[in-house]
Amino acid sequence: MSSVTDTSETTHSASHDVHDPHLHDEVKVELSPDFLAQADKIVSKYPVSKRSAVMPLIYLWQDNFGYVSQQGVRWIAQRIEIQPINVMEVLTFYPMFRQHPVGKIQFKVCRTLSCALAGSYETCEFLRKKCGITEIDEHGLGVSDDGKFSVEFVECLASCGTGPVVMINDDLYEKVDTSKAQELLNKVS
Ligand code: FES
């Protein structure tokens, strides 16, 4: 996962006028050449209306930084010459986008019907408790106080016959009842 550095001089700004008086303020964020190349590639797919790149750019930012900060919102807005509020509209509409940091170890628990019937709510509650998570946000994301763990519900992970299905970072695990969840916790802790 990349890191954001507020003190960097590296910028990538848009050049057209828009209504936000702060839109041309320098977004001080260190972005790798690879990130910038990926962003350019995404935007190039929308030659008629680059504002259509807003969702893939949000995905790109989140994939790199774990969540979309206000800095990210402004950078995306500048890159495709829209208002930050237009980025926020998309960011806040879809539950898979995050505005807050997640844990270094991310548990994603499927809550869709098959997994719910197989016990995913119990698994999720168990993981939250074991990770010391007491507060969850409006999308069901909870982060431990030390930032080590986060637990959240997600929609179908495409392994519906083997629920409850849980992802730990990029790895998928099947039939994760509370006892398997404890095993996995022991393994990653
Ligand atoms: S319902 Fe959980 S993986 Fe599809």
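In which sense, right-handed or left-handed, does H6 pass H7 in their crossing? I will come back to that after going through the rest of the chain, and I should say at the outset that what we have on the screen is a predicted model.

Let me start with the overall layout. The chain contains 7 helices and 5 strands, and along the sequence these elements follow the pattern α-α-α-α-β-α-α-β-β-β-β-α. Of the 189 residues in the chain, 31% are buried, and among the contacts with a separation of 6 or more, 58% are between residues 24 or more positions apart.

Now to the sheet. The 5 strands form an open sheet with mixed pairing, in the order E2-E3-E1-E4-E5, and its edge strands are E2 and E5, residues 171–173, each of which pairs on one side only. Strand E1, residues 105–110, pairs with E3 in the parallel sense over 6 bridges, and within that pairing Lys108 has Glu152 of E3 as its bridge partner. On the other side of E3, strand E2, residues 142–143, runs antiparallel to E3 and is joined to it by 2 bridges, with Val143 standing opposite Ser150. The hairpin of E2 and E3 has 5 residues between the strands, and there Gly147 takes a positive phi near 75 degrees. Towards the other edge, E4, residues 166–168, and E5 pair in the antiparallel sense over 3 bridges, and Met167 has Leu172 in E5 as its bridge partner.

Strand E3 deserves a moment of its own. Because 6 of the 6 residues of E3, residues 149–154, are buried, this strand is largely enclosed by the rest of the structure. The burial covers both faces, with Phe149, Val151 and Phe153 on one side and Ser150, Glu152 and Val154 on the other.

That leads to the nonpolar cores. The largest has 22 residues, of which Phe107, Val109, Cys110, Leu127, Val151 and Val165 touch the most other members. The elements giving two or more residues to this core are E1, helix H5 (113–118), H6 and E3, and the largest share, 4 residues, comes from E3. Taking Val109 as an example, and leaving aside its neighbours within four places in sequence, we find Val109 in contact with Ser120, Thr123, Cys124, Leu127, Val151, Phe153, Val154, Pro164 and Val166. Apart from this core lies another, of 19 residues, among them Leu31, Ile58, Ala77 and Ile80.

Finally, the helices. H6 lies across E1, E2, E3 and E4, running at about 160 degrees to E1. Two packed helices are described by the angle between their axes and the distance between the axes. For H6, residues 120–130, and H7, residues 178–188, the axes come within 9 Å and cross at roughly 35 degrees, and, to return to my opening question, H6 passes H7 in a right-handed crossing. On the H6 side the contact is made by Glu122, Thr123, Phe126, Leu127 and Lys130, and on the H7 side by Thr178, Ala181 and Leu185. By class, that contact has 4 nonpolar, 2 polar and 2 charged residues. Leu127 therefore deserves a second look on the screen, as a residue of H6 in the contact with H7 that is also listed among the core residues touching the most other members.

Methods: Residues are numbered from 1 along each chain as its sequence is written. This is a predicted model: local features need pLDDT of at least 70, side-chain atom pairs count only at pLDDT 80 or more; totals for chains, interfaces and linings use all residues. A residue is buried if 20 or more other C-beta atoms lie within 10 Å of its own, exposed if 12 or fewer, and partly exposed in between; C-beta atoms are placed from the backbone. Two residues are in contact if their C-beta atoms, placed from the backbone, lie within 7 Å. Two strands pair if DSSP finds at least two bridges between them. Axes are lines fitted to C-alpha atoms, for helices over the stretch in contact, and angles run from 0 to 180 degrees between N-to-C directions. A crossing is left-handed if the near helix is turned anticlockwise from the far one by less than a right angle, and right-handed if clockwise. Ala, Val, Leu, Ile, Met, Phe, Trp, Tyr, Cys and Pro count as nonpolar, Asp, Glu, Lys and Arg as charged, and the others, Gly among them, as polar. A nonpolar core is a set of buried Ala, Val, Leu, Ile, Met, Phe, Trp, Tyr and Cys residues joined through C-beta atoms within 7 Å.
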